Amino acid sequence: MSLTGKKSKPRVVVAMSGGVDSSVAAALMVEQGFDVIGVMMRLWSEDGKEMLNRCCTPEQMDDARHIAAMLGIPFYVLDVKDYFRRTIVEFFLNEHGKGRTPNPCVECNRVIRFSYLYERAMALDADFLATGHYAQVLPGKSGLFELHQGVDSHKDQSYVLHVLTQKHLAHTKFPVGEYTKPEVRALAEKFGLPTASKGDSMDLCFLSGEDYRDFLARHRPQYAQPGPIFTAEGQLLGQHSGLPNYTIGQRKGLGVSYHEPLFVMAKNVTRNALILGTREQIGHDELTVRQVNWIAGAPPPEPIQAAVKIRYKANPLPAQITPLADGRAAVKFDVPVFGATAGQAAVIYQGSRCLGGGLIEDDIPES
Amino acid sequence: MIENPIYLDHSATTPVDPLVIEAMIPYWTEGYGNPSSVHHFGRIAKQGLETARRSIANLLNCKPAELIFTGCGSESDNLAVKGVMMAARAAGRGNHLVTSIVEHEAVLHTAEHLRDVHGFELTILGVDQFGRVDPQAVADALRPDTVLVSIMAANNEVGTIQPISEIGQIARQHGALFHTDAIQAANLMEWDMQTMPIDLLSLAPHKFYGPKGVGLLYAKTGIDMEPVIIGGGQENGRRAGTVNVPFAVGAAKALELAVKDRLSYIEHVTDLRDRLISGITAAFPGDEVTLTGHPTERLPHHASFAFKNLNGNDLIIQLDALGVSSSSGSACSSGNPKPSAILQAMGYAPEWCIGGLRLTVGKQNNKAEIDYLIKQMPESISRLQRFSELARG
């Protein structure tokens, strides 16, 4: 920065976590000649559990600060605790109250990374926000940007990024998305960065390693009221211990006896009832998704053939997607899918390209 | 990377003057003995230490034996407040102390610790809208068992100068001791321990182009103090530990230069400070920015503002991205967006109390740097305002 205040090169704000992926992302941005600023968000954790959180512990902050210093870039910690609690934690709790199984990581990308952090970066006069996600932004037809899976299919994180819009993609970089994890490790070694990484955990960052049911019981005890268990036909089978304690597709630990295996099929919040179904009954060949984000900016004019992932780690399954009014879409699978869960994201792919996605609606039609 | 970063945080700390570094070097390389040792090397160190002490005594118009070298300004404050109260209790001379809500944590938290852990009685005085302690409030707070009044010379966060001569006189007339934390004001005011009603004075050389890691406490002859750091009998038994001779020598050199250059320094920083205040006031003509602290009774290098609905940490980051180093108030609490207790005590509404910004100029700053900041700030701040609106919603 000279005294004229003009940036001499494009500026990138890199979201750093202290981990190998975001560290390599920052190093690549420096190597590519950008004016790089490292930031780390301090997210919410329960009082006294800051050290147990899966992210942004004081130790990880020190790691990130140290890596930024090694790279010679400024580093700032942004305190997002209160905003995260008001948005993501509240969302997580409220969704469970509606009998849904939310994916707070998707919501966090929408509300925290690509809203709060994105806007904070733009306020710093940044041209780009970069993260350590395994995904790719590629130029598409007629000046549009496309979101693609990361080159490393095992690490691909495009599922949780399906909420991005053209505005975001124009100003977003995923520097490690074009590498495999082993290549990223090799790059870390080349840059002299620490290569140790924690095992991939599916735990939510703010649960401090605890089971989400215990967290719910502490914060929203009113959700865990015992109630009846019915079959899909309405036969009373017994009592459940509280709807949040069950997941869709769950078979074990239901405490009922029946002449064939039963699975959790649905949660009826109004009647506080848990509905069980047979293997046949819990499959769906159709679902509706709401709040659909089409990354291209608008829904396709005609129904399309694509593949849909109904969970982060699910395989994409072939389906026909028909855009509906009110930001919804109908998904018709070629063969029935199991475990479709209200509140989880259904994400649409054509090949490696992520077209967008939405949240699975509550009233999952029966097959 | 910022090529020419601009340092506007001289109340946090200052660069060490090359002449100070030059004065210190021989006491690492040649006179490195322990000043308590009898031998040749010890004598050289002892000579350096005592010359430094005499020099400082001369500059403050006090006796060398009235000066204690400590490890930092906070230690000087701790020793003054805790040392005096503990000794008074042991001698049965009283149990009460008076301080103010705008003191640095080194005084305020020590006083609260004495109250909460050791059972002393504490009166914490409030301030007016400019951050000033009313001398009459001090008079009203004094009791027969009051041992000590501790009021800072000038506030770190808003720069307000306290009426310490009046307060010191009131305390002394009542028979209480008067301590002042002069850490922010050492090179910006005149000090004379013979004429000023001060019994204990804390200084920190790193605030006036000396090294970090050394503090000074003046304690008038006859004041009984318990040590905070206990061990060998250094500093007349008032502060154990091998004295850091090079830093003591550096402290003396820094104070010598500060006193010698005081008038021209004050003129230089006042000029830049006024340019900063008028420039920022003109750049933000709306009601979203206000000058905090006293408009005239303030440290000559100190400009402080509050930005409505903004977060001081965000302000510092915005300015840093422009290449300007600033502070939200006390460097000790930066990065933690808690409302400022000082702005609260001055009566500011909550929407102002996390938006403090402190800009403190120094020797090496020039007009071009100030003008650069004033020119760049509005756009950067309006970007931050747009973000903050979104984050609040």
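**Reading a predicted model: core, sheet and helix**

Guide: Welcome! The largest nonpolar core has 222 residues, and those with the most contacts inside it are V14(A), A26(A), A248(B) and A251(B). Helix α8 of chain B, residues 245–260, gives the most to this core, with ten residues. Please keep in mind that this is a predicted model.

Visitor: Let me take one of those residues. Leaving aside neighbours within four places in sequence, which residues is V14(A) in contact with?

Guide: With those neighbours set aside, the contacts of V14(A) are S22(A), A25(A), A26(A), M29(A), V36(A), G38(A) and A130(A). A26(A) also appears with V14(A) among the residues with the most contacts inside the core.

Visitor: Now to sheets. How should I read one?

Guide: The general idea is that strands of a sheet pair through backbone hydrogen bonds, either parallel or antiparallel. In chain B, an open sheet of three strands runs in the order β9-β10-β12, with antiparallel pairing. Its edge strands are β9 (289–291) and β12 (356–360) of chain B, each pairing on one side only. On average, neighbouring strands of this sheet are turned by 25° against each other, direction ignored.

Visitor: How many bridges join β9(B) and β10(B)?

Guide: Three bridges, in the antiparallel sense; β10 of chain B covers residues 302–307. To find the register, look at V289(B), which stands opposite F307(B) in β10(B).

Visitor: Which helix packs on the sheet?

Guide: That is helix α9 of chain B, residues 262–283, which touches β9, β10 and β12 of chain B. The direction of α9 makes about 20° with that of β10(B).

Visitor: I266(B) is found in that helix, α9 of chain B. Is I266(B) buried or partly exposed?

Guide: A residue is buried if 20 or more other C-beta atoms lie within 10 Å of its own, and exposed if 12 or fewer do. I266(B) has 17 C-beta neighbours inside 10 Å, so it counts as partly exposed. Beyond four places in sequence, I266(B) is in contact with L188(B) and P300(B). I266(B) and P300(B) are 34 residues apart in sequence, yet 6.4 Å apart in space, C-alpha to C-alpha.

Visitor: And how do I read chain B as a whole?

Guide: Start with its elements: chain B has 13 helices and twelve strands. Its radius of gyration is 22 Å, close to the 21 Å that the globule rule gives for 393 residues, so chain B is as compact as a globular protein of that length. The C-alpha trace of chain B spans about 65 × 50 × 35 Å along its principal axes. As for burial, 51% of the 393 residues of chain B count as buried. Finally, among contacts in chain B between residues at least 6 apart in sequence, 73% join residues at least 24 apart.

Note on methods. Residues numbered from 1 in each chain as written. Chains lettered and ligands numbered in written order. Predicted model: local features only at pLDDT ≥ 70, side-chain atom pairs only at ≥ 80, totals over all residues. Core = buried A, V, L, I, M, F, W, Y, C linked by C-beta atoms within 7 Å. Helix = DSSP H or I, 4+ residues; strand = E, 2+ residues; numbered from the N terminus. Contact = placed C-beta atoms within 7 Å. Pairing = 2+ DSSP bridges. Axes fitted to C-alpha atoms, helices over the stretch in contact; angles between N-to-C directions. Rg over C-alpha atoms; globule rule 2.2 N^0.38 Å.
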